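Colleague: Could you take me closely through one helix pair in this model, and then place that pair in its wider setting?

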Amino acid sequence: MSDTATTKRAIPDRLGTRTSRILASWEVLLFGVAVLIFVFNAFASPYFLNAWNLSDATFNFTEKAMIAFAMALLVIAGEIDLSVAAIIALASTTMGAAAQAGIGTPGLVAIGIAVGLACGAFNGLLVSGLRLPSIVVTIGTMSLFRGISYIVLGDQAYGKYPADFAFFGQGYVVWVFSFELVLFITLAIAFAILLHATNFGRHVYVIGNNEFAARFSGIPVERVKFILFLLTGLMAGVAAVCLTSRLGSTRPSIAQGWELEVVTMVVLGGVSILGGAGTIAGVVIAAFVMGLVTFGLGLLNVPGIVMSIFVGLLLIITIAIPIVAQRFKEMSLGK
Amino acid sequence: MNRLLKNREILLVAIIVVMIAGFATRAEGFASPANLANIFNDTSILIILALGQMAVILTKSIDLSVAANLAFTGMAVAMTNAAYPDLPLALLIVLAIGIGAFLGAINGYLVWALQIPPIVVTLGTLTIYRGMAFVLSGGGWVNAHQMTPSFLNVPRLPVLGLPVLSWIAIFIVIGAWFVLTRLPFGRAAYASGGNPTAAVYAGIDIGWTKFLAFVLSGALAGLSGYLWVSRYAVAYVDIAAGFELDTVAACVIGGISIAGGIGSVAGAVLGALFLGVIKNALPVIGISPFAQMAISGIVIVLAVVFNARAEKKAGRIILRDRAVPEGSA
């Protein structure tokens, strides 16, 4: 209960061996969980082990995971964006309106991405420009962005998209590898490089661990945060293009509740919600875990809202396990 | 600081009065006492929930599960009423508060004992509680004809010109004021949000305080569950979806600092009334109800900007630590 036990920067007397550390790492544990779920699904449903079915299953998470990559960086830097699903709604609505006006596929994609960037810039300005707490700001912009969609669409829907627009959500690049899956893999690699192999990535970690120290070391904290919000908006825009293309229609309630699933994915991936720690690899595995769980449950005819119970439990349990384990460790050390 | 807060509440009152006056020029009866009482009654549930949310926010936490809690409890109470019409209403209300408090206690326990960040806990329990409402009801509805007359009518009974629902809200406002300003728990809540380190040195158990705040928020959400189902005479899984944001919005508008430790009961109530007036005015002045979401969004963002100016000190310690007088004036 004391303060020392809760700080994320508590340093143990000695580190474990390299192998034990890798084996106990969050990513390896999560990978084990993913394998278990995969095996369980394979036994539970005869339809699971089929290349096309598995390919279909990836649609469950690719769009959310694209946002989760950017969100992971944002969370590592100690901020959060709850407006991502609303950005999808607004971007999709704008694309829908443009499609009705007869704009072609390249224009639609540009518009979707531009709206995402604009929304991200708006969040970024409020958070880093005016130094406001991101959680409330994005709760506000979440209402605002989706609210604009509701004003435009009300209870209507946009449905007339050009035929070749369908490629982004329904097309396949090679064999069972859909455009979305390929994009997901490309983005995973790009974000992994950005976070783990560039100065920018180091800055993100430093800001999340100690913002004051980051400022004193000359890191442009506000600029980094602004870029992160921009990046998250961009990814939401990209996800909006994919989702709109996949569904072929836009309602203002599109992607409702996704912010939750994206945050769950990020946290499940081992990113500390307090900031400062996490990897893209973890988020990738978490995306697969969540995709497999929802797809497996879907094959077993479990309704979506019941699945959300599993997602919620998954979120809380995965965060609780390391904390409880730490408790036991401390107890056995006689602390 | 105290004067600043007082200013904000007076300011809010002024804004609300101006808004009502403005709407009244567009629609004759808008400012009539009957309509104002109606708006208050309409906002009662939001006020009750906002006060629970406020207690949680004061301790530097947030409870996003209130609306899901409301939906589950409302469903549970409505189904109990439909299945056992002979049970007295008082028992059902106690049941609603009990279930709500229990769900709140789960949140509180996870925050207190496992020290999981409140936003993660309540994002998780938000989906879990609403999912449980689905499991409980099998996706079905409980309609007005399945509910007993007393279950439906008690909150509507007029007493001294106001419905019982409004009186419940008034009673809870007074109760919340008493609890937060006159009881040790209230002091502890302000202290553990305002300066956790100092609170620990003062012998305050922060974890326990947060736990109690979540239980309080849950209990009020449970009570609101009954009130909601009774008021709208229907219970289904999606009732009050997204309402948790309205409660946060009411608090933010009312000047309750999301960073904890700052805010007053009057502020939360005024914040809720502000949203209530807008919600009731939109159809009157001919704006589509679909615009309501965007308007609350704008209002939340503006309120946050406004709050940040009032709390500048907290955000401006960088390199200016010694220049405190600038912000504390």
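Modeller: The account below begins with the helix pair and then turns to the chain contact and the nonpolar core.

This is a predicted model, in which local features need pLDDT of at least 70 and side-chain atom pairs count only at pLDDT 80 or more, while totals for chains, interfaces and linings use all residues. Residues are numbered from 1 along each chain as its sequence is written, and chains are lettered from A and ligands numbered from 1 in the order in which they are written.

In chain A, helix α5 (residues 62–76) and helix α10 (residues 179–196) have axes that come within 9 Å and cross at roughly 10°; helices are DSSP runs of H or I with at least four residues, numbered from the N terminus, and axes are lines fitted to C-alpha atoms over the stretch in contact, with angles from 0 to 180 degrees between N-to-C directions. α5(A) is therefore roughly parallel to α10(A), a term for angles under 35 degrees. From α5(A), T62(A), E63(A), A65(A), M66(A), F69(A) and L73(A) meet residues of α10(A) including F184(A), L187(A) and F191(A), where contact requires C-beta atoms, placed from the backbone, within 7 Å. By class, this contact has 10 nonpolar, one polar and two charged residues; Ala, Val, Leu, Ile, Met, Phe, Trp, Tyr, Cys and Pro count as nonpolar, Asp, Glu, Lys and Arg as charged, and the others, Gly among them, as polar.

Between the chains, the contact takes 41 residues from chain A and 40 from chain B. On the chain B side, α5(B) gives the most, with 13 residues.

Technical notes
Helix = DSSP H or I, 4+ residues; strand = E, 2+ residues; numbered from the N terminus. Parallel < 35°, antiparallel > 145°, perpendicular 65-115°, else oblique. Contact = placed C-beta atoms within 7 Å.
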